[in-house]
Amino acid sequence: MKKSLRLSAAVAVAAAASLTLASCGFGGGSGSDEAGGTTLDLLVPSYSDNTQGLWEDVIEGFEEENPDISVNLEVQSWDNLESVIATKVQGGEAPDIYNGGPFAGFAADGLLYPAEEVVSADTYGDFQESFLANAEVDGTAYALPLIASARALFVNNALLEQAGVAAAPTTWDELLDAATKISALGGGTAGYGMPLGSEEAQAEAAVWLWGGGGTFGDATEITVDDPANLPGAEQIKKMIDAGATQADPGSTDRSPLMDIFIQGKIGMQVGLPPTVGQIEENNPDLDYSIVPIPTQDGSPFTLGVMDQLMAFQNDGDKQDAITKFLDYYYTSDVYVPWVQAEGFLPVTKSGAEALGSEEALAPFLEVLPDAQFYPSTNPQWADTDAAFKALFGQLQTKPAQEVLTEIQAQGTAG
């Protein structure tokens, strides 16, 4: 993937730089039956200026095939979504279908259908297993994966060549060697962009800690201070101490650092699918490649993030209508153009196959089956996430184990 790299026009728009997992709301009627037919209330967030029109197209096609079912669409901003859904649920007016992030609380309160009860077996079996697993509570999936984002390593081919590096790195040792050589080129060039600042410290932490076999925990336990996380944290310090990163990584945020990569002054940095569109817009002549994230031993890995669709058990007689709508939506001919237009990655196997020819998406699609996720169903994750953002940059100056212990303590104090 070099400077001739092109995305389809819709994907290049890169409507959202990252997925924001938030809760949801609803604002229209309660979805009561009309004249012998069924009305489904659908609440979704706005990912881009295109979101409402994209859903309207889906609904139009669905209603043509199912004239006895109508769909009442409501689009809310992410800023309002959480308060709207809370109000609706408390008032007994939850939407029948909802596009959001956190769902464990709804599942714990018995408000959601198990995912397998609102899609056909064929649709359910088409989801990437790693994404379905991330939608489970106590072994049962209560949400359907909707859209995904993943991480990969963006590599400046020209800088690697100037530094005498023959190929993109696949292991930590190779990454350290390549980044050190690129930094040695001088002229303000950094080998590896290391954003440990507050914007998204938890993501860079996951890249390294999980890449060494570590974990942040699961639905029941936060394990930031687990010894398995120490190799990744120590490798970060090794990169910094070797001069393989930009100056002051502890306070550097991802977005401005990626702008420097796009300008051609950083050799390698972990990025997202929308990064492709940003390069296309701001420096289309950049000679770059996208490769899997290097890990300690070279095994495949990516940090995955996803949003979900979930179905509330408002009226038992709407289950069949919900299933018809969701099966229709996840049909490849309907789902894939929707995902493309919003600039994300598909969560279905058929979607990944359909987009396999998109050169810019291929590196991300290849690693989706190996995606790992934040323990977002753990009630202590929100505080742990905040602790990473506040404290992880201290790795630049403090011992690794001390930093991990402080994040664990702050994240689980509540």
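Contact here means heavy atoms within 4.5 Å. The model is predicted, so local features need pLDDT of at least 70 and side-chain atom pairs count only at pLDDT 80 or more, while totals for chains, interfaces and linings use all residues. Residues are numbered from 1 along each chain as its sequence is written, and side-chain values use heavy atoms, with hydrogens and water left out.

Lys237 lies in helix α10, helices being DSSP runs of H or I with at least four residues, numbered from the N terminus. Residues up to four places away in sequence aside, Lys237 touches Leu395, Gln396, Thr397, Lys398 and Ala400. Lys237 is buried, that is, under 20% relative accessible area with a 1.4 Å probe and protein chains only. Lys237 nevertheless has no salt bridge, which would be a side-chain nitrogen of Lys or Arg within 4 Å of a carboxyl oxygen of Asp or Glu; Asp241, the nearest side chain of opposite charge, is 5.4 Å away.

Ala400 is also one of the buried residues of α18, which include Val403, Leu404 and Ile407. These buried residues lie on the same side of α18, because they cover an arc of only 135° around the axis, taken from the directions from the helix axis to the C-beta atoms. What covers them includes the helices α9, α10 and α17.

| Helix | Residues |
|---|---|
| α9 | 201-211 |
| α10 | 230-241 |
| α17 | 381-391 |
| α18 | 400-411 |

The largest nonpolar core (buried Ala, Val, Leu, Ile, Met, Phe, Trp, Tyr and Cys residues joined through side-chain atoms within 4.5 Å) has 84 residues. Apart from it lies another core of 49 residues, including Ile236 and Leu395.

Definitions and conventions
Helices (H or I, at least four residues) and strands (E, at least two) are DSSP runs, numbered from the N terminus. Buried means under 20% relative accessible area, exposed over 50%, partly exposed in between (1.4 Å probe, protein chains only). Lys and Arg count as positive and Asp and Glu as negative; His and the chain ends are not counted. The expected span of a helix is 1.5 Å times one less than its number of residues.
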